[in-house]
Amino acid sequence: MTQLRSQRLNQITHEPHSRLDAAVKAQDPFSSRENFARFVQAQYLFQSELQPLYRDPALVQLFPDLPARCRAAQARDDLADLGAGVPAPVAGAPEGVSRAEALGWLFVSEGSKLGAAFLIRRVAALGLGETFGARHLGEPEGGRAEGWKTFTRLLDGLALSAEEERQADAGALAAFERFARLLQHSYATENA
Ligand code: HEM
């Protein structure tokens, strides 16, 4: 009963995270810049789809630094660095997301910055890093661990109804499903 909300979200997404981790690795994104660009296209789409949530005034009230946390602009700059096209939107972007569902989506997007610490080390071999080609995986201002701690502290401090808790869970699961879909799409599409 004393489990924090962030811990619960972590727990219920453990399996989808493992699956996504395996799906990313199966695409071998660190084998070449071309292959990495596909991964960045998926990241760009995911971050662009979440941009309205990162800018939502009601959510910004809960997380004051929310707009600065979005990485759509960095991912777009990475695509330019890599000489890759900005992908067209993919049907099925989140729509009509409730505030509680949004918490789950944001949890996943923010949590992915933790794994990014590992990913950015791998792209160094391709001559990429946080100032070129892999900006969106870079250390956030103020530090990765600190940024995550601040986010989860605020998330865990919110008062939610049982129904809202359920929606937050659904949002987190939907976010993993969506990223998996975008990843699959990016690697299956002809590059512009
Ligand atoms: C779109 C969402 C996500 C994607 C695409 C993603 C991707 C990945 C990948 C590919 C790795 C493996 C890195 C490596 O072994 O080199 C990883 C590791 C990791 N991820 Fe994620 N992740 C996502 C969401 C999350 C979330 C929500 C959390 C935490 C709440 C998280 C926490 C971690 C941590 C701590 C690691 C380090 C290794 C581990 O403990 O397994 N990630 N992630």
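Here's a short chat about the ligand site in this predicted model.

Student: Which residue is the only protein donor of the iron atom of the ligand?

Tutor: Donors here are N, O and S atoms within 2.8 Å of the metal. One protein atom makes the list, an NE2 at 2.1 Å from the iron. The residue that carries this atom is His 17.

Student: And where in the fold is His 17 found?

Tutor: Look at the stretch covering residues 14-26, which is a helix. That helix also supplies at least two residues of the shell around the ligand. So, by the DSSP numbering from the N terminus, His 17 is in helix H2.

Student: Which helix gives the most to the shell around the ligand?

Tutor: Three helices each supply at least two residues: H2, H7 (99-123) and H9 (162-188). The shell has 17 residues, with Gly 111 and Phe 118 among the closest. The top contributor, with 8 residues, is H7.

Student: How far is the polar side-chain atom of Lys 25 from an oxygen atom of the ligand?

Tutor: Lys 25 is among the closest residues to the ligand. For polar contacts, the cut-off is 3.5 Å between N or O atoms. The Lys 25 side chain reaches a ligand oxygen at 3.1 Å.

Student: What about Gly 111: which ligand atom does its backbone N or O atom lie 3.5 Å from?

Tutor: Gly 111 is one of the closest residues. The contact comes from a backbone N or O atom, at 3.5 Å. Its partner in the ligand is a nitrogen atom.

Student: By class, how many nonpolar residues does the shell have?

Tutor: The ligand sits in the largest pocket. Its shell includes 5 polar and 2 charged residues. The nonpolar count is 10.

Key. Residues numbered from 1 in each chain as written. Predicted model: local features only at pLDDT ≥ 70, side-chain atom pairs only at ≥ 80, totals over all residues. Heavy atoms only, no water. Donors = N, O, S within 2.8 Å, 3.2 Å for Na, K, Ca; no water. Helix = DSSP H or I, 4+ residues; strand = E, 2+ residues; numbered from the N terminus. Near = heavy atom within 4 Å. Polar contact = N/O pair within 3.5 Å; in protein donor to acceptor, adjacent residues only side chain to side chain. 1 Å grid on protein atoms, 1.4 Å probe; cavity = no way out; pocket = protein on both sides within 12 Å on 5 of 7 lines; lining within 4 Å. Sits in = over half its atoms within 2 Å of the grid points. Nonpolar A, V, L, I, M, F, W, Y, C, P; charged D, E, K, R; others polar.
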